[in-house]
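Me: I would like to learn how to read a few features of a protein model. Please take them one at a time.

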Amino acid sequence: MKIQQARLSDASMIAFVLQEAAQWLANGGRALWSTAETSHERVLRDTGAGLFHVARDGEQLAGVMKFELEDACFWPEVLPGSSAFVHKLAVRRAWAKKGVSTELLSYARSRARQLGCAHLRLDCVADRQGLRNLYEGFGFTLHSVVQIAGTSFARYELPAIAHED
């Protein structure tokens with residue numbers, strides 16, 4: 001698996017991966033992202049800004065994530081650039097349960113470290129226990145649960161700076 005910053009030419013496939021994941025969640029009664037959030041136009045803009053990173057298995061896109069240095073919506077108290085944030089982590093169904101999420105998170109932690117960020121942070125809807133188990137199994141610790149627009153979100157963090165042994 002090769003993880004790298006997405007190319008502009010990846011935008012259509014990134015949008016497809018996000019839409020596939022959103023549809024799978026909606027079919028299971030767990031709708032997550034809006035059509036606007038996974039639209040080709042939005043993904044193209046974010047890819048052009050260098051925010052998307054992709055996991056490739058050969059030439060196939062197995063998974064995607066957004067990697068950002070600020071999150072005013074979910075982490076307004078965190079100074080921009082002091083932490084890195086993972087959003088829109090999605091794995092294609094064909095690669096589910098094959099470690100793609102873990103590889104993307106490992107890449108995000110390493111990138112955060114390289115950029116001198118103290119923490120890697122992310123959030124998820126608080127009732128998504130499977131997702132929370134994934135994050136906690138990776139080493140994230142629950143920071144807090146916040147209410148935004150009537151929904152509870154679990155906020156997680158992971159130290160990005162390597163500690164001396």
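Me: How far apart are the mean positions of the positive and negative charges of the protein?

Reply: This is a predicted model, and in it the two mean positions lie 4 Å apart. They are taken over 19 positive and 18 negative charges.

Me: What radius of gyration does the protein have, and what would a compact globule have?

Reply: The idea is to set the value against the one expected for the chain length. A compact globule of 165 residues would come out near 15 Å, and the protein has 15 Å, so the two agree. Along the principal axes, the C-alpha atoms fill a box of roughly 40 × 35 × 30 Å.

Me: What share of the residues counts as buried?

Reply: Of the 165 residues, 47% are buried, where buried means under 20% relative accessible area. The protein exposes about 8500 Å², with 52% of that supplied by carbon and sulfur atoms.

Me: How is a pair of aromatic rings described?

Reply: By the distance of the centres and the angle of the planes. The count here comes to five aromatic pairs. One of them joins Trp75 and Phe85, with 6.3 Å centre to centre and 45° between the planes, which is a tilted pair. Trp75 sits in the loop between β3 (60-68) and β4 (83-91), while Phe85 is in strand β4, ten residues away.

Me: Are Trp75 and Phe85 buried or exposed?

Reply: Both Trp75 and Phe85 are buried.

Me: Which residues form an aromatic cluster?

Reply: Tyr135, Phe138, Phe140 and Tyr156 make up one cluster.

Terms used
Residues are numbered from 1 along each chain as its sequence is written. This is a predicted model: local features need pLDDT of at least 70, side-chain atom pairs count only at pLDDT 80 or more; totals for chains, interfaces and linings use all residues. Side-chain values use heavy atoms; hydrogens and water are left out. The radius of gyration is taken over C-alpha atoms; the globule rule is 2.2 Å times the number of residues to the power 0.38. Buried means under 20% relative accessible area, exposed over 50%, partly exposed in between (1.4 Å probe, protein chains only). Accessible areas come from the Shrake-Rupley method with a 1.4 Å probe; for residues, only the protein chains shown count as cover. Lys and Arg count as positive and Asp and Glu as negative; His and the chain ends are not counted. The place of a charge is taken as NZ of Lys, CZ of Arg, CG of Asp or CD of Glu. Rings of Phe, Tyr and Trp (its six-membered ring) pair if their centres lie within 6.5 Å; planes under 30 degrees apart count as stacked, over 60 as edge-to-face and the rest as tilted. Helices (H or I, at least four residues) and strands (E, at least two) are DSSP runs, numbered from the N terminus.
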